[in-house]
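Please open the structure in a viewer and keep the selection panel at hand. The stops below are arranged so that each selection can be inspected before the next.

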Amino acid sequence: MITPITPSPTPRAAAATTGPTVAIDIGGTKIAGALVHPDGTMSATTRRATPRAVDAEGVMAAVAEVVADLAESPLWASAVRCGIGSAGPVDTSRGTVSPVNIGAWREFPIQERVAAELAARGAGLPTVLAGDGVAMTAAEHWLGAARGYANALCMVVSTGVGGGLILNNQLHPGPTGNAGHIGHISVAFDGEPCACGGRGCVESIASGTAIARWALDQGWKPSDGSGGGTAHDATAAGVAAAAAEGDPIALAAFDRAGRALAAAIAASATLVETDIAVIGGGVAAAGETLFGPIRSHLAQYATLSFVQELQVVPATLGTHAGLIGAAAAATMLLPPSAPAPTA
């Protein structure tokens with residue numbers, strides 16, 4: 001039986017007197033694990049490449065190997081809970097995942113399967129599933145850029161656009177774990193169709209894929225550097241590099257993305273009164289090329305008095321956000337004394 005999720009204090013408060021949290025981070029390229037300690041440090045870190053061209057059990061075998069690695073740690077017996085962060089879509093009400101970038105998993109019962117792997121290695125721990133955007137939000141609120149803010153929106157802008165919410169110092173994943181999924185707010189009523197089935201979604205304008213596609217459609221051309229300039233590939237990173245050199249189409253692509261993000265951030269902040277928006281992910285690595293347009297356009301959308309002081313800042317935890325976030329989500333969503341699941 002999967003332990004029900006109930007709110008609990010922040011990781012800092014809840015984990016002060018407890019042992020480490022087993023953290024598992026599942027993505028399209030890697031499956032990582034660690035024991036995350038109450039102060040946010042990690043030990044026994046391990047990872048496997050996410051298997052390709054295998055069935056569902058083949059992917060699960062890599063997860064099981066990560067758990068087995070963690071079980072070899074001398075601190076394994078002192079672990080008190082487990083958090084799983086996964087690429088989505090997720091359904092935390094059922095403990096299932098259907099990651100877009102892991103085709104072998106559709107409604108795969110990852111929470112139940114991980115709990116079984118833990119129990120088989122003598123650790124019958126309460127286990128929580130969180131989408132990667134929600135996990136990143138928990139991480140940034142615990143140890144990152146949203147630390148100290150009672151109400152925050154955190155976002156991952158990468159191949160897609162995801163996010164999560166902190167409301168009144170509590171992680172707010174929603175009934176299925178998808179609250180705060182800002183990437184599928186529509187900001188262009190007549191915009192192009194989105195992969196989700198909607199139209200004009202933030203993700204269809206501001207994701208790395210969308211930025212590169214729009215720039216190419218407008219006539220921007222990647223450079224191989226043969227003319228003496230910097231080489232730019234046909235990705236958002238390439239567009240960002242060209243924008244930094246003043247290319248007008250590349251600048252326009254990031255201005256367009258920044259406007260879409262600003263509109264969605266302002267709408268979200270107006271709805272739930274967030275104090276800060278934290279943005280991470282590969283596209284955020286463009287720095288002021290992205291953040292400049294966001295802040296500029298935000299002034300046009302965040303006009304009411306209670307959102308005029310809204311801050312937009314970069315995420316600070318980088319590649320550690322997945323594992324730290326899985327642990328933080330588990331600590332926030334499970335009380336310290338949560339019972340272990342029973343068969």
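In which loop is A179 found? Select A179 in this predicted model: the residue is in the loop between strand 10 (170-171) and helix 5 (203-206). Then display its surroundings. Leaving aside neighbours within four places in sequence, A179 is in contact with V134, G163, G164, H172, P173 and G174. For one of these partners, G163, a distance can be drawn: the C-alpha atoms of A179 and G163 lie 8.0 Å apart, with the two positions 16 residues apart in sequence numbering.

**Confidence**

Next, colour the model by pLDDT. The mean for the protein is 90, and 91% of its residues reach 70 or more. Where is confidence lowest, and where is it highest? Select helix 1 (residues 11-14) for the lowest mean, 44, and helix 2 (residues 56-71) for the highest, 98. Now select residues 1-10, over which pLDDT stays under 50; the model nevertheless gives this stretch 34 contacts beyond four places in sequence. Residues 12-17 also stay under 50, with nine such contacts. Where pLDDT is low, the predicted coordinates should not be read in detail.

**Backbone geometry**

Most residues other than glycine have a negative phi, and most peptide bonds are trans. Two selections depart from this pattern. Select A53, in the loop between strand 3 (42-49) and helix 2; A53 is not a glycine, yet its phi is positive, at about 55 degrees. Then move to G88 and P89, which are joined by a cis peptide bond with omega of about 10 degrees. P89 belongs to the loop between strand 4 (81-86) and strand 5 (90-91).

**A helix pair**

Select helix 7 (residues 236-244) together with helix 8 (residues 248-272). Their axes come within 7 Å and cross at roughly 115 degrees, and the crossing is left-handed. Show side chains for the contact: helix 7 contributes A236, V239, A240, A242 and A243, while helix 8 contributes A250, L251, A253 and F254. Which classes of residue make up this contact? Nine are nonpolar, with no polar and no charged residues.

**The cavity**

Finally, turn to the interior space. Rolling a probe the size of a water molecule over the atoms shows where empty space is left. The structure holds one cavity of 30 Å³ or more, and the largest cavity contains about 40 Å³ of space. To centre the view there, select T21, V36, H37, W142 and T331, which lie nearest the cavity's centre among its 11 lining residues. By class, the lining comprises six nonpolar, four polar and one charged residues.

Notes. Residues are numbered from 1 along each chain as its sequence is written. This is a predicted model: local features need pLDDT of at least 70, side-chain atom pairs count only at pLDDT 80 or more; totals for chains, interfaces and linings use all residues. Side-chain values use heavy atoms; hydrogens and water are left out. Axes are lines fitted to C-alpha atoms, for helices over the stretch in contact, and angles run from 0 to 180 degrees between N-to-C directions. Helices (H or I, at least four residues) and strands (E, at least two) are DSSP runs, numbered from the N terminus. A crossing is left-handed if the near helix is turned anticlockwise from the far one by less than a right angle, and right-handed if clockwise. Contact means heavy atoms within 4.5 Å. Ala, Val, Leu, Ile, Met, Phe, Trp, Tyr, Cys and Pro count as nonpolar, Asp, Glu, Lys and Arg as charged, and the others, Gly among them, as polar. pLDDT is the predictor's confidence in each residue, from 0 to 100. On a 1 Å grid over the protein atoms alone, a cavity is a set of points where a 1.4 Å probe fits but cannot get out, and a pocket is an open set with protein on both sides within 12 Å along at least five of seven lines; lining residues have an atom within 4 Å of a point. Grid points are joined across faces, edges and corners, and a volume is the space filled by probe spheres set on the points.
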